[in-house]
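Here are my notes for your read-through. Keep the structure open beside them and check each point in turn.

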Amino acid sequence: MYEQVSHSLLNDILIALDPELKGDDLKHFYIRLGANFYAIHSLFQLLYGERRDFRLQMHKLVEVMAKQYRNRANELRNRDLAREKDHDWFLSEKLVGYALYCQEYAQGLKGMHEKLDYLQELGINLVHIMPILDGPKGRNDGGYAVRDFRKIDSKYGTLADLDALSADMRSRDMLLVLDVVVNHTSDEHEWAKKAKKGNKKYQEYYYTYADRKIPDLFEQTMPEVFPETAPGNFTWDESMQRWVMTVFNEFQWDLNYKNPAVFIEMIDIILFWANHGADVIRLDAVAFLWKKIGSTCQNEREAHLILQLMKDCCQVTAPGALFIAEAIVAPVEVIKYFGEDAINAKECEIAYNPTFMALLWEAVATKKATLLDIGVRNLPTKLDRATWLNYVRCHDDIGLGFDDNDIRAAGYDPQAHRRFMVDYYTGQYPDSSATGVAFGRNEKTGDARISGSLASLAGLETALLNNDAAAIDISVNTIILLHSMIAAFGGIPLLYYGDSIGTLNDNTYLTDENKHHDSRWVHRPTLDWEKAKRRHEPGTVENRIFTAIQRLIAVRKQIPAFADLNNREMLDVKNPHLMVFLRFASRGMYSRVLVIANFDTSPQTMNLRELDAVNLFEHREARELYSDRPISTRSGELLIPPLGFYWLQL
Ligand code: OTU
């Protein structure tokens, strides 16, 4: 949009810009800048308009965007243009992701090359390499406390190694996802070190206070993220003689986005990684970006303005790069990270789907899809050009963040039901064979979360220990069922390393002084490549899980109705153990697919006449796509095996 005030400011900025930043090859940059400048200016004004140095800061912002565009390789610029044309590319059913630690997976970045073959064998084409940036030894929260945002930790490799890897991935048509930890830095970051020495400029990069007055006000309404290991939200810094806000661990200093310098530094860093080949950037802990006394300091409106501004700036320099919002918050809040009031996503194109993840675990524990069904129906409608990252496990704990009203509607008491979940997955519940570990127990609120590998939570550890073939079947089928759900739901399935071969809990963290207090390390093991080899030995657990997931992925990629185009319809069925939904596509061979999942450990029947929404089965049989076999529908009833699922082509 053209608007005089912003446009005349833009003209002033352009006149003053370094001539080097005005070359002919910057044409595409300036076209995009013109298109986005009104939005950028408006957002910057909303956030920082009160400041006397507003114009100067705007100037700096444009300079950073232009410099990073000048640094952007032609290959990536061409990619940007191709993606502008094919703008819905990331909604495709062809995308399947995998998250891994490069050290634990491949002994570092150099080792990744040969281990990409394994991922391709599975069908993966999007790889999230967990944080690799320089951080203090031990006090780094698994890489989420960064000391230098432009340096790769030497134990993983070098920037040149990453460039080589991203080039290799591009040649294999694989997408690279990297983290930018936007909410905080390590207390050993150069900015923090300067702040500690009394440098006012850098103290303003953080929230620091001489006494407890403001911290006490904040803490009246701020919940604790790590109540066991890092209670409170402020830490006293001896050398600075000030309190500093530390929402996560005490060594993670929260950045102060009320300061435009912080915003500009971070957009510079985001663009730096986009220029090093990141196709997708995972923005960590985005719900926390804005702090306000009297609020929970999560999901504030300004946090959204910051993300919109980041998106608008990124679109000017590196429009091909997408953002993932990591906001593990309530469903009504998560949805806003796609961009509120927009039609197309204009904040983050991709967001973790923590609600679906937690609901899946609830369905496994109760063997019923009741709450899952309610929860999914109550997920707010997603924008166009926005998609979910659907996952079963990740490097973090499982938070039980479903909606209290939904829990009640499913017939449970919210608090008691959450307690049941924790008991169930930590093996306290009589009927449970899960071997998870509690995480983040909060004595004040009674809350807790759950750690543990997928296989261990699904009872595989216990089943193997008891050499119980039937129990092994149950856990293997649970693992496959859960993966079938993330493959069919709509969005990008994101697998977690080790899960496709049934990796169990790893208790070695208990003897590591830097890890023993944080149970999330139980599910961050070194990948056992000997175990992985057994994927080729028929009959092994590894083989059963791996080949099933491999098949799920291959079939998903052949089903256009599995692209994420807001094309899912939940269907009513009487049997509470079943989750049933329809996926549809306007074109393509398999235009409608009926997904049925049975969460019970016994076979369940479904009456086809209940499905009036799909007056389907005039035919005598339907093709089941996963098994590639016809299934008779003649009796008007379908029998779904224990923990089984069908993808029926209509
Ligand atoms: C994220 O986590 C990361 O995924 C964690 O590994 C980090 O510890 C944390 O940020 C701090 O960098 O901020 O919006 O267990 O679910 O802290 C959600 C709690 C986050 C995590 C939560 C999450």
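1. Start with the lining of the second largest pocket. Domain 1 (94-183 + 260-556) and domain 2 (184-254) each give at least three residues to this lining. Keep in mind that the model is a predicted one.

2. How much space lies in the second largest pocket? The value is about 810 Å³. The pocket is lined by 36 residues. Closest to its centre are Gly-138, Asn-140, Gly-142, Lys-515 and Trp-521.

3. Now sort the lining of the second largest pocket by class. Ten residues are nonpolar, twelve are polar and 14 are charged. Look also at the elements that contribute. At least two lining residues come from α5 (102-106), and at least two come from β3 (133-134).

4. Step back to the domains. The assignment splits the protein chain into domain 1 (94-183 + 260-556), domain 2 (184-254) and domain 3 (568-649). Note that domain 1 is listed as two stretches of sequence. Between the C-alpha centres of domain 1 and domain 2 the distance is 27 Å. Their contact involves 37 residues of domain 1 and 30 residues of domain 2.

5. Next, find the barrel. Eight strands close it, in the order β1-β2-β5-β11-β12-β13-β14-β17, and the pairing is parallel. From one strand to the next, the twist averages 25°. Helix α12 (residues 301-317) packs on this sheet. The helix touches β11 (280-283) and β12 (322-325), and its direction is at about 160° to that of β12.

6. Take one strand pair of the barrel as an example. Strands β1 (residues 97-100) and β2 (residues 126-129) run parallel and are joined by four bridges. Which residue of β2 is the bridge partner of Ala-99? It is His-128. As a general reminder, strands of a sheet pair through backbone hydrogen bonds, in either a parallel or an antiparallel way.

7. For an antiparallel case, go to β8 (residues 234-237) and β9 (residues 242-245). Four bridges hold this antiparallel pair together. Phe-234 has Met-245 in β9 as its bridge partner. The two strands, β8 and β9, make a hairpin with four residues between them. In the turn, Gln-241 has a positive phi of about 60°.

8. There is also an open sheet. Its six strands are ordered β18-β19-β20-β25-β22-β23, with antiparallel pairing. Why do β18 (568-570) and β23 (629-632) each have one side without a neighbour in the sheet? Both stand at the edges with a single partner strand, so one side of each stays free of a neighbour there. Direction ignored, neighbouring strands of this sheet are turned by 30° against each other on average.

9. Stay with the open sheet and look at β19 (residues 578-584) and β20 (residues 592-598). Seven bridges link them in the antiparallel sense. One of the pairings sets Leu-582 against Leu-594 in β20. Helix α15 (residues 370-377) packs on this sheet and touches β18 and β19. The directions of α15 and β18 make an angle of about 135°.

10. Finish with a single residue, Ser-92. Where is Ser-92 placed? Its place is the loop between α4 (74-85) and β1. Leaving out residues up to four places away in sequence, Ser-92 touches Arg-556 and Ala-563. Ser-92 and Gly-490 are 398 residues apart along the chain, yet 9.4 Å separates their C-alpha atoms.

Methods:
Residues are numbered from 1 along each chain as its sequence is written. This is a predicted model: local features need pLDDT of at least 70, side-chain atom pairs count only at pLDDT 80 or more; totals for chains, interfaces and linings use all residues. Side-chain values use heavy atoms; hydrogens and water are left out. Two strands pair if DSSP finds at least two bridges between them. Axes are lines fitted to C-alpha atoms, for helices over the stretch in contact, and angles run from 0 to 180 degrees between N-to-C directions. Contact means heavy atoms within 4.5 Å. On a 1 Å grid over the protein atoms alone, a cavity is a set of points where a 1.4 Å probe fits but cannot get out, and a pocket is an open set with protein on both sides within 12 Å along at least five of seven lines; lining residues have an atom within 4 Å of a point. Grid points are joined across faces, edges and corners, and a volume is the space filled by probe spheres set on the points. Ala, Val, Leu, Ile, Met, Phe, Trp, Tyr, Cys and Pro count as nonpolar, Asp, Glu, Lys and Arg as charged, and the others, Gly among them, as polar. Domain bounds come from an automatic or database domain assignment.
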